[in-house]
Amino acid sequence: CSSNGDCTITNGTCLALEGTGNSVCTTPCDSTPNQCPDEYLCTETDTDGNQCIPRTNSCTEPSGGKETCRACNEWSDCIRGGCLPPDGSFDSPTYCLDYCDSTADCGPYATCESLYLPDYDVTIPVCLPNTEVDTCTHWRYCDEDCADPSQPCSFTYCIDNDSI
């Protein structure tokens, strides 16, 4: 885009992305998780308040394309949510964890939990593997190979013992 008139989205703003030479159409947001579409992140700008902008500052590849519970190095790697350590310690491995409002946002093998990040003294609601699944590695197996939790599955940690 070169002006706000080029943006076809409601309340769209043509925003020059600092240091990139790119301008993109953005929409307003507040700091509430899940407000921006996949591959976009609510970011505070110098001139237009908080705006949903591509995670990579590029419209052609707005994120690194990594789904939930995939290993990541930075937030722009993830399609949604954040690149976070499931135990809250940044000394631990980091994974793409989806933001959530309730467990209904998380799918069959995860629950919405408050993740405390002591390095930032902040708590963020994210989808974490449930107690049966336990780890992101197990979550990926369940999600990929046992997508329907009502069907038989070879991974015992994917089975909801409460429903047996």
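Guide: Let's start with a rule: two strands count as paired if DSSP finds at least two bridges between them. Keep that in mind as we walk through this chain, which is a predicted model.

Visitor: Fine. What makes up the secondary structure of the chain?

Guide: One helix and eight strands. Starting at the N terminus, the order is β-β-β-β-β-β-β-β-α, so the helix follows the strands, each element being a DSSP run numbered from that end.

Visitor: What makes S3 and S4 a pair?

Guide: Five bridges join S3 to strand S4, residues 50-54. The cut-off is at least two bridges, so they pair. They run antiparallel, and one of the matches puts Thr43 opposite Gln51 in S4.

Visitor: Which sheet does that belong to, and in what order do its strands lie?

Guide: An open sheet of four strands, ordered S1-S2-S4-S3, with antiparallel pairing.

Visitor: Why are S1 and S3 called edge strands?

Guide: Strand S1 (13-16) and strand S3 (40-44) each pair on one side only. As for the twist, it averages 45° from one strand to the next.

Visitor: How do you know that S7 and S8 pair?

Guide: Count the bridges again: strand S7 (residues 110-117) and strand S8 (residues 122-129) share eight, and at least two are needed, so they pair. Their sense is antiparallel, and Tyr116 has Thr123 in S8 as its bridge partner. Four residues lie between the strands of this hairpin, and Asp121 takes a positive phi near 50° there.

Visitor: Buried or exposed: which word fits Ile124?

Guide: Buried, because its relative accessibility is 13% and the cut-off is under 20%. You'll find Ile124 in strand S8.

Visitor: Which residues does Ile124 touch, leaving out those up to four places away in sequence?

Guide: Tyr99, Glu113, Ser114, Leu115 and Leu117. To count as a contact, heavy atoms must come within 4.5 Å, so each of these residues meets that limit with Ile124. Tyr99 is 25 residues from Ile124 in sequence, while their C-alpha atoms are 7.6 Å apart.

Visitor: How many of the chain's residues are buried, as a share?

Guide: 35% of the 164 residues. The accessible surface comes to about 9300 Å², and carbon and sulfur atoms account for 45% of that.

Visitor: What about charges: how many are positive and how many negative?

Guide: There are 5 positive and 28 negative ones, with mean positions 8 Å apart. Lys and Arg count as positive, Asp and Glu as negative, so His plays no part in those numbers.

Key:
Residues are numbered from 1 along each chain as its sequence is written. This is a predicted model: local features need pLDDT of at least 70, side-chain atom pairs count only at pLDDT 80 or more; totals for chains, interfaces and linings use all residues. Side-chain values use heavy atoms; hydrogens and water are left out. Buried means under 20% relative accessible area, exposed over 50%, partly exposed in between (1.4 Å probe, protein chains only). Accessible areas come from the Shrake-Rupley method with a 1.4 Å probe; for residues, only the protein chains shown count as cover. The place of a charge is taken as NZ of Lys, CZ of Arg, CG of Asp or CD of Glu. Axes are lines fitted to C-alpha atoms, for helices over the stretch in contact, and angles run from 0 to 180 degrees between N-to-C directions.
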